[in-house]
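Me: Please give a close and connected account of one part of the model shown below. I should like the cut-offs behind each term to be stated.

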Amino acid sequence: MQKQKKGVRLEHISKIYQDPKTGKAFYAVEDTTLDIEAGTFVTLLGPSGCGKTTTLRMIAGFESPDEGEIYLGGEPINSLTPNKRDTAMVFQSYALLPHYNVFDNVAYGLKIRKLPKDEIRERVMNILKLVEMDGMESRMTNQLSGGQQQRVALARALVLEPGVLLFDEPLSNLDAKLRVSMRTEIRKIQQKVGITAIYVTHDQSEAMSISDKIIIMSKGKVEQIGTPREIYYHPNSRFVADFIGEANFLKAKVLRTQGDKAGIGVAGEELEVNNFCQAKAGDEVALVIRPEAAALADKGYLEAKVVLSTFMGAYQYYQVQVGDMEIQITDYNPVNRRIYEVGETAYLDFDTQGVYIL
């Protein structure tokens, strides 16, 4: 498939709804500006009600923005109906036609466009091969597994050769193991085809595994945009740090600063850590430690009392008390490590490069 890569730009987009209980207007999406590069896989991530699905539906044309303009490939599209936009949507419910077989489901959009039969057949068969559903074109959709139905839904969107492919939580109806394999397949296909993809999910691990960029939303606003690595290691707020993966927050005070480093006091100890937020001496701050960045040892930085010790196979999970703060620790590959039991006293041991001020 020869794709024309198209980017998407949202300029100061807002969507206003009425609260059915109070009758008051509220912003589902407020003054959002995004620039999604052509050919990239971008995920809108956030909790329920954050505005991610509303944003996706405005790009698709199923909702109209009350403020702002949406551009696709540099062209304004606010006034275009969904079928006139160079986009295709893969839905959470698959939305397959139950009385059609696999071939006819995938061919449906091409028949609506009145393409020649030979071209329709060639394009459908090529797409079914791409999603590994060739040989099943005569099957009815109720004879397919959930994963196979999702592949058909993906093929039906791809066969239209859209400039932008939109995903509305497409894997939420699948079991956990199948979700992992399907998200990998979706990413592979997107990279192979080279299409721009915008994907909505509330699943952090899903977003981390498939995205070039993640857009984290909360209460109708964008909290942070970055690569999975940037979002995970350099969150710009407590909300982002807590939403992406697990995070420990330790109360601390900045004692001194030098360049991008800072000496901070926490639980009576002084540590030198990364100062990404450029805190100043005297500031009360939160110190962020990921559970996998810490371990327990007989010697270390902060004295800790073990309050929970659980073997999880690949890792030993601890909860420890440091002063009045509770810390989670994920100690991977514990097979040859000492296991600390509840009630024991140990020390937190961590690489200070993996600890930073928020």
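Reply: The account below turns to the largest pocket and then to a residue of helix 4.

The model is predicted: local features require pLDDT of at least 70 and side-chain atom pairs pLDDT 80 or more, whereas totals for chains, interfaces and linings use all residues. Residues are numbered from 1 along each chain as its sequence is written, and side-chain values use heavy atoms, without hydrogens or water.

The volume of the largest pocket is about 570 Å³. A pocket is an open set of points on a 1 Å grid over the protein atoms alone, where a 1.4 Å probe fits, with protein on both sides within 12 Å along at least five of seven lines; lining residues have an atom within 4 Å of a point. Points are joined across faces, edges and corners, and the volume is the space filled by probe spheres set on them.

Of the 20 lining residues, Asn 83, Thr 87, Ala 88, Met 89 and Leu 160 are the closest to the pocket centre. Strand 6 (87-90), helix 2 (102-112) and helix 4 (146-158) each contribute at least two residues to this lining; these are DSSP runs numbered from the N terminus, helices being H or I of at least four residues and strands E of at least two.

Helix 4 also contains Leu 154. Leu 154 is buried, at 4% relative accessible area, where buried means under 20% (1.4 Å probe, protein chains only). Leaving aside residues up to four places away in sequence, Leu 154 touches Val 90, Val 131, Leu 165, Phe 167, Ile 186 and Ile 189, contact meaning heavy atoms within 4.5 Å. Between Leu 154 and Ile 189, 35 residues apart in sequence, the C-alpha to C-alpha distance is 9.7 Å.

How values were computed:
Buried < 20%, exposed > 50% of the residue type's maximum accessible area, 1.4 Å probe, protein only.
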